[in-house]
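Me: Please take the terms applied to this model one by one and set each against its definition.

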Amino acid sequence: MSNLKKILTNKIPCKSIWFMRQAGRYLPEFREIRSKNPSFINLCLNSELSSEITLQPIKRFDLDSAIIFSDILMVPFALGQNVDFIKGDGPKLSQFEIKSFLNKNEKDFYQKLNPVYKAIETTRKKLKNNKSLICFVGAPWTLLIYMFGLKKDNNELDINKFNNIKFKLEELLDKLNDFLCIHIKKQIEAGADVVQIFDSWAGILPEKDIKNLCYKPNAKLVEFCKREKISNICFPKGLKDKLSEFNQFVKPDGINLDPEIDPLWAKEKLKNVVLQGGLNPKKLLGTEEEMLSAATKYINSFKDIPYVFNLGHGLLPETDPDRVEKLIKFYREN
Ligand code: CP3
């Protein structure tokens with residue numbers, strides 16, 4: 001059993017380190033493959049290359065867990081939306097067709113995602129037994145943000161667009177939940193052993209909608225995971241002190257902290273849950289001393305409780321891989 005699994009299931013404090021976006025543009029070996037594959041979606045649909053990319057940071061740093069190289073937007077893609085990644089401009093999705101979504105057939109959905117499941121199978125075979133293979137999904141709210149383009153350029157919620165879909169939200173969320181459960185189950189059957197649920201835009205929800213659009217949909221996914229005995233980690237970003245209400249409502253196995261959450265606050269307020277991450281990825285861009293002193297704050301705060309070392313968001317493309325190596329070494333020695 002991997003250390004990550006031990007921490008999540010038995011709440012045993014032991015060492016475990018991985019990074020969000022550990023496979024990505026900061027690695028020259030990733031950029032090399034990426035430069036020959038202009039379509040990001042097609043790269044995610046190439047099982048051999050996705051598996052190779054997933055294993056790149058494991059080969060380089062011997063991290064404790066691999067996270068499958070894919071994207072949360074593979075779900076809207078499999079639901080029939082066209083997804084483009086435009087350099088410097090983020091993802092662009094074609095118009096969402098509610099009618100065809102509500103009539104969407106499950107088999108057609110998971111067949112489109114078959115390359116992801118194949119990549120997981122291939123990766124699991126190549127990964128040592130003591131390492132976790134993490135799969136992931138976007139939480140419904142964060143997916144709706146992209147599917148309906150609900151975010152303005154300044155990253156605030158587009159209230160007009162939001163109000164336009166509000167009356168259909170319940171039906172949309174229920175249907176999306178069904179597809180996400182299928183995607184989680186298929187990834188686990190293919191050989192992943194932990195799922196992380198990303199709710200990256202939880203923090204832009206109006207306060208009165210947080211319960212219905214963040215807590216409840218996350219809770220539904222976590223309940224599904226519990227029924228299926230699937231280890232789960234939630235990452236609702238930007239909730240500030242509402243993270244404690246989230247934890248009490250959703251009851252996930254693990255919660256990833258964002259950089260705004262104070263580690264000592266988290267230790268006091270977030271009970272019966274494994275804590276993960278928190279370190280600001282920007283700390284890897286400053287001096288080595290700054291990085292290590294920031295990391296020390298997390299390591300010391302969580303010394304005596306189950307904690308998984310990670311960041312408060314993904315590694316930034318401009319990160320020096322040598323810094324990542326230094327951080328891992330420091331964590332393992334402290
Ligand atoms: O963590 C990993 O290494 C696994 C792979 C992974 C990717 N995306 C690959 C990726 C994971 C877990 C994600 C999650 C994801 N994708 C989220 C949730 C986490 C977060 O970042 O908030 C979101 C919101 C997305 C949607 C998405 N994908 C955006 C907004 C972008 C463009 C901006 C960016 O960060 O690059 C992507 C592209 C993307 N997904 C890249 C990678 C490696 C960069 C692709 C490239 O090479 O251009």
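The exchange below covers cysteines, the ligand and the sheet.

Reply: This is a predicted model, in which local features need pLDDT of at least 70 and side-chain atom pairs count only at pLDDT 80 or more, while totals for chains, interfaces and linings use all residues. Residues are numbered from 1 along each chain as its sequence is written, and side-chain values use heavy atoms, with hydrogens and water left out.

Me: How do you know that Cys-214 is not bonded to Cys-234?

Reply: A disulfide requires a pair of cysteine sulfur atoms within 2.5 Å. The sulfur of Cys-214 lies 8.4 Å from that of Cys-234, its closest cysteine sulfur, and this is too far for a bond. The search of the whole structure returns zero disulfides. Cys-44 likewise takes part in none, as the nearest cysteine sulfur, in Cys-135, is 14 Å away.

Me: Why is Cys-44 called buried?

Reply: Buried means under 20% relative accessible area, exposed over 50%, and partly exposed in between, with a 1.4 Å probe and protein chains only. Cys-44 has 1% relative accessibility and therefore counts as buried. Cys-214, at 0%, is buried as well.

Me: What makes the approach of Arg-25 to the ligand a polar contact?

Reply: The term denotes a pair of N or O atoms within 3.5 Å; within protein, one must be able to donate a hydrogen and the other to accept it, and residues adjacent in sequence count only if both atoms are side-chain atoms. A polar side-chain atom of Arg-25 is 2.7 Å from a ligand oxygen, which satisfies the distance limit of 3.5 Å. A polar backbone atom of Arg-21 lies 2.6 Å from an oxygen atom of the ligand, and a side-chain N or O atom of Asp-71 lies 2.7 Å from a ligand nitrogen.

Me: What makes strand 5 and strand 6 a pair?

Reply: Strands are DSSP runs (E, at least two residues), numbered from the N terminus. Two of them pair if DSSP finds at least two bridges between them. Six bridges join strand 5 to strand 6, and the two run parallel; Asp-199 stands opposite Pro-236 in strand 6. Strand 4 (residues 132-138) is joined to strand 5 by five bridges, also parallel.

Me: Why are strand 1 and strand 9 called edge strands?

Reply: The open sheet has seven strands in the order 1-4-5-6-7-8-9, with parallel pairing. Strand 1 (65-67) and strand 9 (307-308) each pair on one side only.

Me: How many residues of strand 5 are buried?

Reply: Six of the six residues of strand 5 (residues 194-199) are buried. Val-194, Gln-196 and Phe-198 point one way, and Val-195, Ile-197 and Asp-199 the other.

Definitions and conventions
Helices (H or I, at least four residues) and strands (E, at least two) are DSSP runs, numbered from the N terminus.
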